[in-house]
Amino acid sequence: MTIGIKVGDVMTRNFVSVKPDTSVLNAAKEMIKKRVGSLILKENQTMTGLITERDIIWAITKKTGRDFKEIKVKDISVKKIISIKPSADLSEAL
């Protein structure tokens, strides 16, 4: 069943990215500064992961006592990324 709406019609185009070696603290600051709930991890024009507010909350609760300037986003981010073309129908994305 097709909806007739393309993924590209509803997707975010102006995403915010950081390098995988960015600290969790700096990533959180970037999220606040840019008013976003997730960041794309990008290296050499390639998407290598995704970090969300939830990932940061998890790190705070599971890695207590550690300095969040030392923990890298690549250590706590989602690495298995599934993507879809902007030309795909929204029903396929769902």
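## The main pocket

Let's start with the strands in this predicted model. Strand 2 (38-43) and strand 3 (46-52) each put at least two residues into the lining of the largest pocket. Strand 2 gives the largest share of that lining, with three residues.

How big is the largest pocket, by volume? It comes to about 650 Å³. Its lining is made up of 18 residues, and Thr-12, Ile-40, Met-47, Ile-82 and Ser-83 are the ones nearest the centre. Sorted by character, the lining residues split into twelve nonpolar, four polar and two charged.

## A nonpolar patch outside

Now to the surface. Met-1, Ile-3, Ile-5, Val-10 and Leu-94 come together there as a nonpolar patch, and their combined accessible area is about 600 Å².

One of these, Met-1, sits in the segment before helix 1 (7-10). Its relative accessibility is 88%, so Met-1 counts as exposed, the cut-off for that being over 50%.

## One salt bridge

The salt bridge count for this model is one. Which residues make the salt bridge with N and O atoms 2.8 Å apart at their closest? The partners are Asp-21 and Lys-74. They tie together distant parts of the chain, 53 residues apart: Asp-21 is in the loop between strand 1 (17-18) and helix 2 (24-34), while Lys-74 is in the loop between helix 3 (53-62) and helix 4 (90-93).

Are these partners buried or exposed? Asp-21 has a relative accessible area of 43%, so it is partly exposed. Lys-74 is at 37% relative accessibility and therefore counts as partly exposed too.

Notes: Residues numbered from 1 in each chain as written. Predicted model: local features only at pLDDT ≥ 70, side-chain atom pairs only at ≥ 80, totals over all residues. Heavy atoms only, no water. 1 Å grid on protein atoms, 1.4 Å probe; cavity = no way out; pocket = protein on both sides within 12 Å on 5 of 7 lines; lining within 4 Å. Points joined across faces, edges and corners; volume = space filled by probe spheres on them. Helix = DSSP H or I, 4+ residues; strand = E, 2+ residues; numbered from the N terminus. Nonpolar A, V, L, I, M, F, W, Y, C, P; charged D, E, K, R; others polar. Patch = residues over 30% accessible without salt bridge, like charges linked within 9 Å, V, L, I, M, F, W, Y side chains within 5 Å. Areas by Shrake-Rupley, 256 points an atom, 1.4 Å probe, with all protein chains shown as cover. Salt bridge = Lys/Arg side-chain N within 4 Å of Asp/Glu carboxyl O. Buried < 20%, exposed > 50% of the residue type's maximum accessible area, 1.4 Å probe, protein only.
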